[in-house]
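Reader: I have a model open on my screen and would like a close look at one part of it. Could you take me through the helices that pack together and the surroundings of the ligands, in plain words?

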Amino acid sequence: MLGQSVGNVETLHVLGKIGWWGHLIMVLVFLNYLPYSKHLHILFAFPNTYFSNLAPKGKFTNMKSVEQEVKLMLDPNADPYAATSGSDVPQRFGAKDVQDLTRNQLLSAYSCTECGRCTSVCPANTTGKLLSPRKIMMDTRDRLSEVGENKLNLEDGKSLLGDYITPEELWACTSCNACVQECPVNIDPLSIIVDLRRFLVMEESKIPTELTGMLTNIENNGAPWQFSPTDRMKWTEEN
Ligand code: SF4
Ligand code: SF4
């Protein structure tokens, strides 16, 4: 009887050792596999959240050179000689490919957990439009991986805009920020959408016809309406 219980303790001891070392080996193998796997987002989520944009949602990033032009157009007191320096003039307006995106945008592409919370609250997606903010992040990551694999052949004739994300998806976005609000790791799919749209508008003049009139009015009248700025207060004279 005593001999049997000693045997059981020894068996339990061996099983305990197997469990202990088995777990340690599995954790070590997984940590080595992590950088090459889709689970890499676990590591990137921390720096992505740390570097995320904490400015109030809806505050867009302005391009300094464009901001100066708009100020000259709208503000009579703006200094026309306060010219922008050469470094303020961007190489490209907006983004066409992953090389035009910021480091934070690229980091967030690899931090996406693909949970789909952003898409589930997106009003464009809910109403049957082509747009999915989750797909925007996955397309950015896939294109970045493709560029990384082709690094000796940067001119592969492809780009994020067009080959991965279509203008139809971009113009379906209402800029509501619901996807940004919902993301558990502070990813901002809207910033990528806005940069790609900027490229379409400012470099290629590809604008939906619904917006053309409004943009022309802003350029000519400083407001979205078809009235001269000098007529603005006329409504006060109406009975
Ligand atoms: S900002 Fe655009 S992509 Fe994000 S939830 Fe709103 S409509 Fe969808
Ligand atoms: S909510 Fe955030 S983590 Fe989840 S799929 Fe959207 S962007 Fe990725």
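Author: Let's begin with a yardstick: a residue is buried if 20 or more other C-beta atoms lie within 10 Å of its own, with the C-beta atoms placed from the backbone. Keep in mind as well that this is a predicted model.

Now try that yardstick on Asn48, which is found in helix α2. Asn48 has 21 C-beta neighbours inside 10 Å, so it counts as buried. What is Asn48 in contact with, leaving aside its neighbours within four places in sequence? The list is Leu107, Ser108, Ser111, Val185, Asn186 and Ile187. Glu149 is another matter: 101 residues along the chain from Asn48, its C-alpha atom is separated from that of Asn48 by 23 Å.

Some of those contacts belong to a helix pair. In general, two packed helices are described by the angle between their axes and the distance between the axes. For helix α2 (residues 41–50) and helix α4 (residues 103–111), the angle is about 145° and the axes are 8 Å apart. The crossing of this pair, α2 and α4, is left-handed. On the α2 side you'll find His41, Phe44, Ala45, Pro47 and Asn48, and these meet Leu107, Ser108, Tyr110 and Ser111 in α4. Sorted by class, the contact of α2 with α4 has five nonpolar and four polar residues, and no charged ones.

Stay with α4 and look at its packing against α7. Here the angle is about 105°, with the axes of α4 and α7 8 Å apart. That makes α4 and α7 roughly perpendicular to each other. From α4, the contact draws on Leu106, Ser108, Ala109 and Tyr110, while α7 brings Met137, Thr140, Arg141 and Leu144. The residues in the contact of α4 with α7 divide into five nonpolar, two polar and one charged.

Helix α7 (residues 133–149) also packs with α11: their axes come within 9 Å and cross at roughly 75°. So α7 and α11 are roughly perpendicular to each other. The residues that meet are Pro133, Ile136, Met137 and Thr140 in α7, with Pro189, Ile192 and Ile193 in α11. By class, the contact of α7 with α11 comes out as six nonpolar, one polar and no charged residues.

On to the ligands. Around ligand 1 there are 14 residues, and Cys122, Cys173, Cys176, Ala178 and Cys179 come nearest. Which elements each supply at least two residues of the shell around ligand 1? They are α6 (123–126), α10 (178–182) and α11 (189–202). The shell around ligand 1 divides into 11 nonpolar residues, three polar and no charged.

Ligand 2 is surrounded by 15 residues, the closest being Cys112, Cys115, Arg117, Cys118 and Cys183. Two elements, α5 (117–121) and α7, give two or more residues to the shell around ligand 2. The largest share of the ligand 2 shell, three residues, comes from α7. In class terms, the shell around ligand 2 has nine nonpolar, two polar and four charged residues.

Val121 is worth picking out too. Its place is in helix α5, and with 16 C-beta neighbours inside 10 Å it counts as partly exposed. Leaving aside its neighbours within four places in sequence, Val121 is in contact with Ala178, Cys179 and Glu182. Take Ala178: 57 residues apart along the chain from Val121, the two C-alpha atoms are separated by 6.4 Å. Ala178 also appears among the residues that come nearest to ligand 1, as does Cys179.

Last, a couple of loop residues with a backbone quirk. Ser175 has a phi near 60°, a positive value in a residue other than glycine. Its place is in the loop between α9 (167–171) and α10. With 11 C-beta neighbours inside 10 Å, Ser175 counts as exposed. Ser205 has a positive phi as well, about 50°, although it is not a glycine. You'll see Ser205 in the loop between α11 and α12 (209–221). Is Ser205 buried or exposed? It counts as exposed, because it has 8 C-beta neighbours inside 10 Å.

Technical notes
Residues are numbered from 1 along each chain as its sequence is written. Chains are lettered from A and ligands numbered from 1 in the order in which they are written. This is a predicted model: local features need pLDDT of at least 70, side-chain atom pairs count only at pLDDT 80 or more; totals for chains, interfaces and linings use all residues. A residue is near a molecule or strand if its C-beta atom, placed from the backbone, lies within 6 Å of it. Helices (H or I, at least four residues) and strands (E, at least two) are DSSP runs, numbered from the N terminus. Ala, Val, Leu, Ile, Met, Phe, Trp, Tyr, Cys and Pro count as nonpolar, Asp, Glu, Lys and Arg as charged, and the others, Gly among them, as polar. Axes are lines fitted to C-alpha atoms, for helices over the stretch in contact, and angles run from 0 to 180 degrees between N-to-C directions. Angles under 35 degrees count as roughly parallel, over 145 as roughly antiparallel, 65 to 115 as roughly perpendicular and the rest as oblique. Two residues are in contact if their C-beta atoms, placed from the backbone, lie within 7 Å. A crossing is left-handed if the near helix is turned anticlockwise from the far one by less than a right angle, and right-handed if clockwise. A residue is buried if 20 or more other C-beta atoms lie within 10 Å of its own, exposed if 12 or fewer, and partly exposed in between; C-beta atoms are placed from the backbone.
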